[in-house]
Each structure stands twice: as C-alpha cells, then as structure tokens.
Amino acid sequence: MGGDVSGSPLSGRTVFFPPMTEAGVRTISAAFRSVGIDARPMPPSDEETLLLGGRFSSGEECLPQKVTLGDTLKLLVHGDVAPEKMALFMPASNGPCRFGQYGPYMKMVFEEMGYGDVMFVSPTCADGYSGVGEHADELLRTAWRAMVGGDLLQKILLRVRPYETEKGAADAALNDAVGILCRAVEVPGEKQGEKLARIVAALRQGRKRFQSVPTDFSSPRPLVGVVGEIFCRLNTFSNEDVVRKVEEAGGECWISDVTEWVWYTNADHHRELKRYGKTLSMEMLGAKLKWHFQRKDEHALLEVFEGDFRGYEEPHDIREVMELARPYLVPEGTLGEMLLSVGKSVYLHRKGVDGILDINPFTCMNGIVSEAVYPRVSRDCDDLPVRVLYFDGTHADRRYELEIFMELVREYSCRKRIRRILPGDFGAAGSAGA
Ligand code: SF4
C-alpha cells in the first residue's frame with residue numbers, strides 16, 4: 001500500500017489541483033499524498049490570475065480555462081516551481097463542450113513559453129488510471145472518501161454560516177475541520193477499513209468543531225438552491241463569492257456539490273455501456289461494483305451527520321434528477337450540467353426551496369440552454385423565482401440584481417405551496433415545516 005511512487009510517472013513532481021471548493025481541493029490533495037504523491041492545492045486566485053490568463057487567451061475561452069491557465073502561469077513565471085517538477089491535474093473530456101480543449105490549449109501555451117515540461121494528469125477509466133501509477137485503486141477509493149467528506153463539511157458550512165452570531169466563526173470552523181480531515185486522509189499505508197474508520201472519526205471531530213460556532217436559528221431564512229456550471233458555481237473567485245452575497249442579502253444557500261457530478265458521470269457511463277450492448281460485460285460489472293462501493297462509503301460518512309441534514313437531503317439516486325429534467329431536456333440527448341441544473345431545480349422545488357440561482361461562465365452553453373427552458377420550469381413549479389447569472393471575471397456590481405432576486409424569493413416564500421423542513425439548531429434534527 002501507499003508511500004512509494006518511484007517508477008511512477010509522477011515521481012519527483014508536485015501535482016497541483018485547480019481549486020473548485022476550498023474543502024475539496026485540500027482533501028483531494030491529501031488523498032494523493034496518502035499514496036506518496038506530492039500534491040497541493042493551487043494557491044488562491046487573484047487579479048494576477050486574470051491578467052496572466054487573459055494575456056494568453058483570445059477572449060472567447062470560458063472563464064474556468066482563463067482562471068486555471070492564469071493560476072498555473074502565476075506559479076511558473078514567479079519560478080515557484082520548475083516546469084519539470086510540476087504536474088497539473090486536468091480532468092479530460094470528450095464531446096462538444098469546450099472543456100475538452102482546456103488541456104490541449106494550455107499545453108500549447110506552455111510550449112510556446114518554454115514551459116513544455118509541465119505534465120498533465122488526466123486520469124480516466126479508459127486508460128485504467130495509469131497516469132497515477134500502481135496505487136490507482138487505493139487512490140481512487142481514498143479520493144472518493146476525501147471528496148465526500150469535503151462536500152459534507154462544505155454543506156455544514158452553508159447550513160451554519162447564515163445563522164452564526166460571531167462573524168467568521170463558521171469559516172474558521174470549516175478551516176479547522178478540513179485540516180482535521182486532511183490529516184486523516186493523508187495517512188499512508190492503511191487498509192481500506194482502517195482508513196474509513198479514521199476518516200469517520202475525523203468528520204465527527206469536524207462536526208463537533210462546527211457545534212462550537214455560536215448560532216441563532218430562531219429566524220429561518222429563505223433557502224436558495226444554487227446550480228450551474230461546476231467550476232464557476234463552486235469556485236468562489238470565479239463567482240465572486242455569490243453564496244456569501246446571498247447570505248449577506250438575508251438568504252441561505254443549498255449548492256449542488258462535486259459528488260453530484262461524480263454520480264452523474266457514473267450514471268452516464270452505465271448508460272453508454274447499455275447503448276453499446278455491453279449490459280452483460282466485465283466493464284458493466286466493474287461499473288456496478290464501483291457504484292456499490294462508492295454508495296457504501298458515502299452512507300458510512302453521511303451517518304456521522306445523522307439528523308443534521310433533515311430537510312436538506314440530496315437525491316437518493318442521481319437518475320431521479322435526470323428524470324425530473326425529462327419534460328424540458330431529454331437525458332439521452334442533453335448531457336452535462338444543463339441536465340443536472342434543470343432536474344435539480346425541480347427536485348429543490350419539491351424540497352421547498354424559495355428560489356434558484358444558476359451560476360455560469362459568460363457564454364457557457366450549459367447556462368444558455370438551461371436559461372431557455374427555465375421559464376417553463378418556473379411556471380410548472382408555482383412560479384418559483386429562477387435567475388441565471390453569468391461571470392466573466394470583470395467584477396460587475398451585482399448587489400442590486402441580487403437584492404431584486406431576494407425580493408422575489410421572499411415574496412415566493414410567503415405564498416409557496418410546498419413547505420420545507422426548517423433548520424433546527426445545528427446538531428439537533430430540523431424543526432417542523434413552515
Ligand atoms: S461547461 Fe461551459 S464553461 Fe465549461 S467548458 Fe463547457 S461551455 Fe465552457
């Protein structure tokens with residue numbers, strides 16, 4: 001088990017992860033360290049990120065590409081890391097979306113600038129995850145647990161922060177809880193059962209840390225579901241911390257997490273295998289086993305928070321969300337976030353949310369397609385307020401736009417037919433619906 005990567009293509013390199021959520025990028029780096037791969041989150045994005053990313057983009061690229069390119073160039077031009085010592089985690093993708101072009105385009109830029117030795121890590125099941133060396137199976141399991149744990153802590157943050165009575169206390173709790181989780185995840189050489197027990201114990205400690213945040217839940221806030229393109233939705237730099245702005249405007253947010261995307265890609269893999277007549281194949285058996293073990297691990301970690309997410313339950317199966325989108329977008333023909341955003345909006349309406357924000361990079365085809373069907377979605381969901389926001393890194397002032405949206409949300413909240421389970425004190429089960 002983990003610890004020695006000599007002979008692996010990553011030996012002698014540091015893998016950098018573009019940040020999606022703060023918790024996610026830290027925990028996934030810890031998972032890589034658990035098998036002996038030096039891994040770190042990319043340093044925080046800033047104005048120089050946009051400057052460098054913009055200098056080597058034509059303006060037609062999506063914001064996540066500009067941010068990732070700018071963050072990587074920042075490390076290289078300042079000489080913080082030598083190109084031959086660096087690896088960049090960049091998931092691969094086929095299909096029509098521009099996402100599949102990020103890696104090839106960045107490679108081209110690095111070569112032109114003399115940084116051609118930067119290695120790209122794009123692990124896929126098609127190549128047996130060979131890019132991460134012989135510990136691939138162990139790493140995949142630990143990475144999944146790390147990701148679920150990170151998502152759960154992020155979810156707790158959004159559950160608690162709007163009700164904190166000491167500004168900054170919930171963010172500080174998240175920072176501590178993620179640190180505790182990372183220290184558990186990165187321990188090398190453990191058997192799977194030992195690792196799971198260690199992560200569960202770390203999450204219990206993290207939960208306790210959140211319980212020490214002073215809160216007042218006596219005035220429940222309207223709940224806003226946040227969907228959209230995965231990077232822009234979760235990366236607070238790209239979306240100008242829109243969740244915090246909703247909280248400042250009096251709301252509370254329920255954001256679609258990274259785990260949701262993993263379940264979607266799993267479901268899509270099953271669908272593809274069936275489509276190509278591989279229902280009875282070793283590949284399908286492998287896909288089913290993966291689903292089974294991921295579900296088992298997820299349950300084990302979720303149990304730590306029993307009662308905390310009453311009223312905030314995620315769908316039992318992602319295919320439920322895909323089916324909810326069907327009246328508007330056909331799941332077999334419409335792929336990616338547009339499908340999830342539309343289906344999840346309907347799901348969240350049924351959970352009693354008071355509004356939906358769909359977050360996207362400027363010109364993102366997911367946002368454009370979802371926006372086209374939202375008027376029907378809203379009409380079918382009792383005129384639920386749905387707002388699509390686009391971000392291009394220019395820091396437009398959105399306060400008024402959000403205030404108007406929050407007015408609509410409050411108005412809907414007073415007249416809505418589907419009531420939600422209101423948040424009780426954190427640590428106790430939610431209170432009665434209203
Ligand atoms: S999902 Fe949107 S932002 Fe991401 S690559 Fe595709 S078009 Fe660009």
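How many Å separate the centres of domain 1 and domain 3, taken over C-alpha atoms? The separation is 30 Å, and the tour below begins with the whole chain before returning to these domains.

**Before selecting anything**

The model is a predicted one: local features need pLDDT of at least 70, side-chain atom pairs count only at pLDDT 80 or more, and totals for chains, interfaces and linings use all residues. Residue numbers start from 1 along each chain as its sequence is written.

**Stop 1: the whole protein**

Display the full chain as a cartoon. The protein has 15 helices and 8 strands, where helices (H or I, at least four residues) and strands (E, at least two) are DSSP runs numbered from the N terminus. Its radius of gyration is 21 Å, close to the 22 Å that the globule rule gives for 434 residues, so the protein is as compact as a globular protein of that length. That radius is taken over C-alpha atoms, and the rule is 2.2 Å times the number of residues to the power 0.38. The C-alpha trace spans about 60 × 50 × 50 Å along the principal axes.

Of the 434 residues, 44% are buried. A residue is buried if 20 or more other C-beta atoms lie within 10 Å of its own, exposed if 12 or fewer, and partly exposed in between, with C-beta atoms placed from the backbone. Among contacts with a separation of 6 or more, 74% join residues 24 or more positions apart; a contact requires C-beta atoms, placed from the backbone, within 7 Å.

**Stop 2: the domains**

Colour domain 1 (37-124), domain 2 (135-216) and domain 3 (217-257 + 323-434) separately. These bounds come from an automatic or database domain assignment. Between domain 1 and domain 3, 9 residues of the former are in contact with 15 residues of the latter. On the domain 1 side, helix α3 (residues 63-77) supplies the largest share, 4 residues. By class, that side has 6 nonpolar, 2 polar and 1 charged residues. Ala, Val, Leu, Ile, Met, Phe, Trp, Tyr, Cys and Pro count as nonpolar, Asp, Glu, Lys and Arg as charged, and the others, Gly among them, as polar.

**Stop 3: the ligand**

Which residues are around the ligand? Select Cys-62, Pro-64, Cys-97, Arg-98, Phe-99, Glu-229, Pro-361, Cys-364, Met-365 and Asn-366; each has its C-beta atom, placed from the backbone, within 6 Å of the ligand. The shell has 7 nonpolar, 1 polar and 2 charged residues. Domain 1 and domain 3 each contribute at least three residues to the shell.

Now select Thr-363, in the loop between β7 (355-361) and α14 (365-380). Its phi is near 70°, a positive value in a residue other than glycine. Thr-363 counts as partly exposed because it has 14 C-beta neighbours inside 10 Å.

**Stop 4: the loop after α14**

Move to Asp-382, in the loop between α14 and β8 (386-391). Asp-382 also is not a glycine, yet has a positive phi of about 60°. With 12 other C-beta atoms within 10 Å, Asp-382 is exposed. Leaving out residues up to four places away in sequence, Asp-382 touches Lys-416 and Arg-417. A distance drawn from its C-alpha atom to that of Phe-56, 326 residues away along the chain, should read 46 Å.

Next, pick Tyr-412 in helix α15 (residues 399-415). Tyr-412 has 19 C-beta neighbours inside 10 Å and therefore counts as partly exposed. Beyond its neighbours within four places in sequence, Tyr-412 is in contact with Asp-354, Gly-355, Leu-384 and Pro-385. Tyr-412 and Pro-385 are 27 residues apart in sequence and 7.4 Å apart in space, C-alpha to C-alpha.

**Stop 5: helices α11 and α12**

Select Leu-301 in helix α11 (residues 282-302). With 18 C-beta neighbours inside 10 Å, Leu-301 is partly exposed. Its contacts, neighbours within four places in sequence aside, include Arg-145, Val-148, Leu-152 and Ile-199. The C-alpha atoms of Leu-301 and Ala-197, 104 residues apart along the chain, are separated by 9.4 Å.

Finish at helix α12 (residues 318-325), where Ile-318, Val-321, Met-322, Leu-324 and Ala-325 are buried. These residues cover an arc of only 160° around the axis, which puts them on the same side of α12; the arc is that of the directions from the helix axis to the C-beta atoms. An α-helix has 3.6 residues a turn, so residues three or four places apart point the same way. The cover over the buried residues of α12 includes α10 (258-275) and α13 (337-350).

Notes
Contact = placed C-beta atoms within 7 Å.
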